[in-house]
Amino acid sequence: MDSLSSGSLSGVQKEELMDQVKQQIAIANAQELLTKMSEKCFKKCIGKPGTALDSSEQKCIAMCMDRYMDAWNLVSRTYSTRIQRERNNM
Amino acid sequence: MTEKETVDPQLEDFILAETQKQRFQVLVHGLTDTCWETCMGRPSNRLDSKTETCIMNCVERFIDATTFITRRLMNTTKYRSEAPLEFQ
């Protein structure tokens, strides 16, 4: 790829490119989280869709989002501890 | 590779590191999905310790199961042979 060739990008351009890549990755991850949360919390909190999102459903969704984040962080921690452990055993 | 096409080492390192990080993130998204389904009851004010333990065990056992499946597939003579895969 031309743009990955050395010498074709200045230091500033390189920094910009790397920032852009990081930003795109962050957006992709946020979208994934949004999709999963919507799916999971809709399933948990809305048994029978009514004519509007009532306050108890909203409360449930808000709580569900927080618990989904807790679960995500716990999974992330558990998984990275596991990787660390396997690396030490090698 | 001609000299002109040499990949910028700084960019290469960056892409490798970001790919690695993203692979981890994708796995965490998937594991959270699976373990949420397995462990989560009705959402409450906080993750109770029972759910926490369940999620941690779920992550560990999922990895164990994946490792087990990988090993078993590799050790099955059928898959080791040159013949194309047949699922029977």
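# Two helical chains, worked through

Buried residues account for 12% of the 90 residues in chain A. Keep in mind as you go that this is a predicted model.

## Exercise 1: Chain A on its own

Work out which secondary structure chain A has and whether it is spread out or a compact globule.

**Solution.**
Step 1. Start with the elements: chain A has two helices and zero strands.
Step 2. Now compare two numbers. The radius of gyration of chain A is 21 Å, while the globule rule gives 12 Å for 90 residues. The value for chain A is well over the rule, so the chain is more spread out than a compact globule.
Step 3. Look at the box as well: along the principal axes, the C-alpha atoms of chain A fill roughly 60 × 40 × 20 Å.
Step 4. Finally, bring in the record. UniProt, in an unreviewed entry, places "domain: Tim10-like" at residues 20-80 of chain A. That stretch is 85% helix and 0% strand, and its end C-alpha atoms are 26 Å apart.

## Exercise 2: Chain B on its own

Find how many helices chain B has, and describe how α1(B) and α2(B) pack.

**Solution.**
Step 1. Chain B comes to three helices and zero strands, and its elements run α-α-α from the N terminus on. Buried residues make up 12% of its 88 residues.
Step 2. For a packed pair, you need two things: the angle between the helix axes and the distance between them.
Step 3. For α1(B) and α2(B), the angle is about 130° and the axes are 9 Å apart. An angle over 145 degrees would count as roughly antiparallel, and 65 to 115 as roughly perpendicular. The pair fits neither, so α1(B) and α2(B) are oblique to each other. Their crossing is right-handed.
Step 4. Who makes the contact? From α1(B) come Leu31(B), Thr34(B), Cys35(B), Thr38(B) and Cys39(B). From α2(B) the partners include Cys54(B), Cys58(B) and Phe62(B).
Step 5. The record has something here too: the unreviewed UniProt entry puts "domain: Tim10-like" at residues 14-74 of chain B. This span is 85% helix and 0% strand, with its end C-alpha atoms 33 Å apart.

## Exercise 3: Three residues of chain B

Decide for Leu27(B), Ile63(B) and Asn75(B) whether each is buried, partly exposed or exposed.

**Solution.**
Step 1. Get the cut-offs straight: 20 or more other C-beta atoms within 10 Å means buried, 12 or fewer means exposed, and anything in between is partly exposed.
Step 2. Leu27(B) sits in helix α1 (residues 9-39) of chain B. With 17 C-beta neighbours inside 10 Å, Leu27(B) is partly exposed. Leu27(B) and Glu37(B) are ten residues apart in sequence, and their C-alpha atoms are 16 Å apart in space.
Step 3. Ile63(B) belongs to helix α2 of chain B. It has 17 other C-beta atoms within 10 Å, so Ile63(B) is partly exposed. Ile63(B) and Leu31(B) are 32 residues apart in sequence, yet 9.5 Å apart in space, C-alpha to C-alpha.
Step 4. Asn75(B) is in helix α2 of chain B too. Because Asn75(B) has 9 other C-beta atoms within 10 Å, it is exposed. Asn75(B) and Asp13(B) are 62 residues apart along the chain, and 35 Å separates their C-alpha atoms.

## Exercise 4: Where the chains meet

Work out how many residues each chain gives to the contact, and how the helix pairs across it are oriented.

**Solution.**
Step 1. Count first: 26 residues come from chain A and 30 residues from chain B. On the chain A side, α1 (11-45) and α2 are the elements that give two or more residues. The most comes from α2(A), with 14 residues.
Step 2. Take α1(A) and α1(B). Their axes come within 11 Å and cross at roughly 5°. Angles under 35 degrees count as roughly parallel, so α1(A) and α1(B) are roughly parallel to each other. Among the residues that meet are Met18(A), Val21(A) and Ile25(A) in α1(A), and Leu11(B), Phe14(B) and Trp36(B) in α1(B).
Step 3. Next, α2 (residues 55-89) of chain A and α2 (residues 49-75) of chain B: the axes come within 10 Å and cross at roughly 45°. α2(A) and α2(B) are therefore oblique to each other, and the crossing is right-handed.
Step 4. Leu74(A), Val75(A) and Tyr79(A) are among the α2(A) residues in this contact. The α2(B) side includes Ile55(B), Val59(B) and Ile63(B). You met Ile63(B) in the last exercise as a partly exposed residue.

Terms used: Residues are numbered from 1 along each chain as its sequence is written. Chains are lettered from A and ligands numbered from 1 in the order in which they are written. This is a predicted model: local features need pLDDT of at least 70, side-chain atom pairs count only at pLDDT 80 or more; totals for chains, interfaces and linings use all residues. Helices (H or I, at least four residues) and strands (E, at least two) are DSSP runs, numbered from the N terminus. UniProt positions are given in the numbering used here, feature names are shortened, and annotations may be inferred rather than shown by experiment. The radius of gyration is taken over C-alpha atoms; the globule rule is 2.2 Å times the number of residues to the power 0.38. Axes are lines fitted to C-alpha atoms, for helices over the stretch in contact, and angles run from 0 to 180 degrees between N-to-C directions. A crossing is left-handed if the near helix is turned anticlockwise from the far one by less than a right angle, and right-handed if clockwise. Two residues are in contact if their C-beta atoms, placed from the backbone, lie within 7 Å.
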